[in-house]
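Please read the following report alongside the sequence and the coordinates. It deals with a sheet, with charged pairs and with aromatic rings.

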Amino acid sequence: WVIIGAWDARRWESEDYGYKPEKRWIKSFKVHPEYPGDEGPNDIALVYLDEPSNLETVALARDRPKVGTDATMIGWEGDDEILLQGSFDILNPIVCEDQDIDAKLELCSGRLDARQ
């Protein structure tokens, strides 16, 4: 099963989100055909649910954001159970050359005003 509309998998039933998250059973799923089976490129899948959600859908970007754009990104890191969100600047890929980023598949992002 999956939880829709919650960002903390540990407390989703008791957390006040201003709406009620939903639990749905997975009917089937399709993993990207070029996913190697561990971490790496193409680590994405389509998940088909047993019934539709009643929650609003998330608007996804249709185009690659331009350098200098402020973007909001969400996702999990590793085995985290809490969905993370942050605002980042889209940077010129040259800035990330030493980070082993594939500019065709990934975005170079960060906060130029951040301290390490």
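The report takes up the strands, then the salt bridges, and then the rings.

This is a predicted model, in which local features need pLDDT of at least 70 and side-chain atom pairs count only at pLDDT 80 or more, while totals for chains, interfaces and linings use all residues. Residues are numbered from 1 along each chain as its sequence is written, and side-chain values use heavy atoms, with hydrogens and water left out.

**Sheet and strand β6**

Strands, like helices, are DSSP runs numbered from the N terminus (E, at least two residues, for strands; H or I, at least four, for helices). Three of the strands form an open sheet in the order β5-β6-β7, with antiparallel pairing. The edge strands are β5 (70–75) and β7 (109–110), each of which pairs on one side only. Two strands are said to pair if DSSP finds at least two bridges between them; between β5 and β6 there are six bridges, in the antiparallel sense. One bridge joins A71 to its partner F88 in β6. As general background, strands of a sheet pair through backbone hydrogen bonds, either parallel or antiparallel.

Strand β6 spans residues 84–90 and includes D89. D89 counts as buried because its relative accessibility is 18%, where buried means under 20% relative accessible area, exposed over 50%, and partly exposed in between (1.4 Å probe, protein chains only). Leaving aside residues up to four places away in sequence, D89 touches T69, D70, C108, S109, G110, R111 and L112, a contact being heavy atoms within 4.5 Å.

**Salt bridges**

A search of the whole structure finds five salt bridges, each defined as a side-chain nitrogen of Lys or Arg within 4 Å of a carboxyl oxygen of Asp or Glu. Three of these pairs are set out below, with the separation of their closest N and O atoms.

| Pair | Closest N and O atoms |
|---|---|
| R10 and D8 | 3.2 Å |
| E15 and R11 | 3.7 Å |
| R24 and E51 | 4.0 Å |

R24 lies in strand β2 (residues 22–24) and E51 in the loop between β4 (45–49) and β5, so this pair ties together parts that are 27 residues apart in sequence. R24 is buried at 8% relative accessibility, whereas E51, at 42%, is partly exposed. Salt bridges that share partners also join D8, R10, R11 and E15 into one network. Within that network, D8 is buried at 4% relative accessibility, while R10 is partly exposed at 48%, R11 is partly exposed at 43%, and E15 is partly exposed with a relative accessible area of 32%.

**Aromatic rings**

Two aromatic pairs are found in a search of the whole structure. The rings of W7 and Y17 have centres 4.3 Å apart and planes at 85°, so the pair is edge-to-face. Rings of Phe, Tyr and Trp (its six-membered ring) pair if their centres lie within 6.5 Å, and planes under 30 degrees apart count as stacked, over 60 as edge-to-face and the rest as tilted. W7 is partly exposed, with a relative accessible area of 39%, but Y17 counts as buried at 9% relative accessibility. Ring pairs link W7, Y17 and Y19 into a cluster.

A further ring, that of W1, has the charged end of K23 sitting over it, 4.2 Å from the ring centre; the criterion is that NZ of Lys or CZ of Arg is within 6 Å of the ring centre and within 35 degrees of the ring normal.
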